[in-house]
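Thanks for coming. I have one model to go through today, and I will keep to the strands and how they pair.

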Amino acid sequence: MSKITQENFESMYIDPIEIRQIDKFVCQEMGRQMHRYIKGMSGTKRIMEKFEEALSSLTVEQKEEAIARYIDLNRKSISGLDFKLVLARAIANYCDTFEYMLEMVNNRQKMEFYLKRIKGKYIQYHEVFEQDGKFGIKDFKGNILVSPQYDFLRTCYTYVDDLIMMPIIAQKNGKMGLILPDRKDTVVADFIYDDIQLRDEPPYFEAILKGKKVPLHQK
């Protein structure tokens with residue numbers, strides 16, 4: 001009989017139905033945590049409703065990806081979050097008896113497996129990288145979201161979005177503009193501005209053009 005390790009633990013030891021159900025309950029708890037974060041940041045009821053509306057029609061896998069993107073832009077949302085507690089609540093929802101719940105929680109190897117799985121799904125941070133003196137952005141897998149052709153990049157962190165793709169503030173040839181991290185360098189606002197600043201409410205961006213403030217509405 002083969003020895004059980006962390007690498008073969010899923011295929012040899014865990015019921016795929018259990019994995020699917022734990023994933024579902026973890027996703028529900030992570031959505032609840034994001035809801036609490038928005039509320040704690042003094043977000044309006046409508047903002048929380050928009051967040052939940054954006055998740056409601058998605059599959060579990062799509063919700064996981066959407067929440068991971070949200071956390072990437074709102075990294076304070078998991079500051080102090082105990083993933084063990086998230087997992088324990090998911091296990092409690094999954095188990096049909098208290099004894100079964102205790103058995104799962106006390107199974108160290110299984111807990112480590114699920115904690116690693118949770119962090120792998122929800123902590124997927126992008127990074128800015130430099131190439132030949134220019135800057136671009138890669139996702140957590142190393143895929144290029146923004147090509148390295150810009151003098152300056154600023155990712156916009158905001159808790160008031162409803163899971164939309166937020167533009168990136170970029171500088172090119174001495175002028176500022178907005179682009180999307182969509183692997184296509186889609187220009188949202190042309191590179192004609194002297195400066196671009198982030199606002200806390202729509203329109204989220206305000207530009208400076210020839211000394212005057214100009215609100216930027218996404219195309």
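Start with Pro148, which is found in strand β3. Please keep in mind that this is a predicted model. Pro148 lies 19 residues from Phe129 in sequence, with 7.6 Å between their C-alpha atoms. Beyond its neighbours within four places in sequence, Pro148 is in contact with Phe129, Gln131, Lys134, Phe135 and Gly136.

Now the strands around that proline. Strand β3 covers residues 144-150 and runs antiparallel to β2, the two being joined by 3 bridges. Val146 in β3 is the bridge partner of Ile137. On the other strand pair, Ile137 in β2 stands opposite Val128. Strands β1, residues 127-131, and β2, residues 134-138, are also antiparallel, and 5 bridges join them.

How many residues sit between the strands in each hairpin? For β1 and β2 there are 2, and in that hairpin Asp132 takes a positive phi near 55 degrees. For β2 and β3 there are 5, and Gly142 in the turn has a positive phi of about 95 degrees.

Next, the open sheet. This one has 4 strands in the order β4-β5-β6-β7, with antiparallel pairing. Why is one side of β4 and of β7 left without a neighbour in the sheet? Because β4 (152-155) and β7 (187-193) stand at the edges, and each has a single partner strand. On average, neighbouring strands of this sheet are turned by 15 degrees against each other, direction ignored.

Last, the pairing at β7. Strand β6, residues 175-179, pairs with β7 in the antiparallel sense over 3 bridges. Within that pair, Leu178 stands opposite Ala189 in β7.

Note on methods:
Residues are numbered from 1 along each chain as its sequence is written. This is a predicted model: local features need pLDDT of at least 70, side-chain atom pairs count only at pLDDT 80 or more; totals for chains, interfaces and linings use all residues. Side-chain values use heavy atoms; hydrogens and water are left out. Two strands pair if DSSP finds at least two bridges between them. Contact means heavy atoms within 4.5 Å. Axes are lines fitted to C-alpha atoms, for helices over the stretch in contact, and angles run from 0 to 180 degrees between N-to-C directions.
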